[in-house]
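Colleague: I would like to learn how to read helices, their packing and their backbone angles from a set of coordinates. Could you take me through an example?

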Amino acid sequence: MGLRERKKEKTRLALLDAALDLFLEQGYESTTVEQIAGVVDVSPRTFFRYFTSKDHLVLWFHDHAEEILLETLESRPPDEAPFTAMMHAIRAVIGDMEGGTPEEADRFQKLRRLMDTYPHLIGQSVARGAETERRLAEMIAGRRGTDPDADQLSYLIVAFAMSTMRVGFECPRRDSTIQEVMSRMTETIELAERSLRPGWDL
């Protein structure tokens, strides 16, 4: 990154950290954009240069993960089996999280606590995840040379692949470190790969 990009990233993360702390300290509904911006000593107008709303803050992980998924899938060999390509994309997300800083691990844990405290946010997370799966299915259909609006298999490939992240994240449901969550996700991927017959996704 150049200096300008680093400064922008620093401000974005400061807003994110301020928001997560305020959400957990005084409540999600009670926290305003003005309060979040005030902690970072920027204007609400500056806040909206980085996030469309305070709901957008809660979905920061989805945005980051989607970028990694799409970029990795795009980089995979065109003749690679679709499900295999998706597994590489998901492993890239796990690798990014495992290689993260302590600050990033702390944000992840705060987000989990926030979701546990305010279940209605899970609905927003599910909706955002559906958007990602649609984009991935379009890419898988493109790799398979099919029409994404009529190709159920491409959507099923993506659904199976993304379910490994969800199961790894949720099962068993307990207060876990990010390292434990990543380990479970990796185990779930390996379980899925052992369970599916080679060539099912062709």
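Modeller: What follows is a short walk through helices, packing, burial and backbone angles.

Modeller: This is a predicted model, in which local features need pLDDT of at least 70 and side-chain atom pairs count only at pLDDT 80 or more, while totals for chains, interfaces and linings use all residues. Residues are numbered from 1 along each chain as its sequence is written, and side-chain values use heavy atoms, with hydrogens and water left out.

Colleague: How many residues does helix α1 have, and what span should they give?

Modeller: Helices are DSSP runs (H or I, at least four residues), numbered from the N terminus, and the expected span is 1.5 Å times one less than the number of residues. Helix α1 covers residues 3-26, so its 24 residues should span 34 Å, and its end C-alpha atoms are indeed 34 Å apart, which agrees. For α7, the 16 residues should span 22 Å, and the end C-alpha atoms are 23 Å apart, which agrees.

Colleague: Which residues of α1 are buried?

Modeller: Buried means under 20% relative accessible area, exposed over 50%, and partly exposed in between, with a 1.4 Å probe and protein chains only. In α1 the buried residues are Leu-15, Leu-16, Ala-18, Ala-19, Leu-20, Leu-22 and Phe-23. An α-helix has 3.6 residues a turn, so residues three or four places apart point the same way. The cover over the buried residues of α1 includes α2 (33-40), α3 (44-50), α4 (54-58), α5 (60-75) and α7 (102-117). By contrast, Glu-5, which also lies in helix α1, is partly exposed, with a relative accessible area of 43%.

Colleague: What does Phe-23 touch, apart from residues up to four places away in sequence?

Modeller: Contact means heavy atoms within 4.5 Å. Phe-23 is buried, with a relative accessible area of 1%, and it touches Tyr-28, Thr-31, Ile-36, Lys-54, Leu-57, Val-58, Leu-114 and Tyr-118. Of these partners, Lys-54 is 31 residues from Phe-23 in sequence and 9.9 Å from it in space, C-alpha to C-alpha.

Colleague: At what angle do α5 and α8 pack?

Modeller: Axes are lines fitted to C-alpha atoms, for helices over the stretch in contact, and angles run from 0 to 180 degrees between N-to-C directions. Angles under 35 degrees count as roughly parallel, over 145 as roughly antiparallel, 65 to 115 as roughly perpendicular and the rest as oblique. The axes of α5 and α8 are 11 Å apart, at an angle of about 5 degrees, and these helices are therefore roughly parallel to each other. Their contact includes Leu-69 and Leu-73 of α5 and Leu-136 and Ile-140 of α8.

Colleague: And how do the axes of α6 and α8 cross?

Modeller: The axes of helix α6 (residues 82-98) and helix α8 (residues 120-144) come within 10 Å and cross at roughly 140 degrees, which makes α6 oblique to α8. Pro-82, Ala-85 and Met-86 of α6 meet Leu-136, Ile-140, Arg-143 and Arg-144 of α8 in this contact.

Colleague: Where should I look for a positive phi in a residue other than glycine?

Modeller: Most residues other than glycine have a negative phi. Asp-41 has a positive phi, near 65 degrees; Asp-41 is found in the loop between α2 and α3 and is exposed, with a relative accessible area of 70%. A glycine with positive phi is Gly-27, which follows α1 and has a value near 105 degrees.

Technical notes. Helix = DSSP H or I, 4+ residues; strand = E, 2+ residues; numbered from the N terminus.
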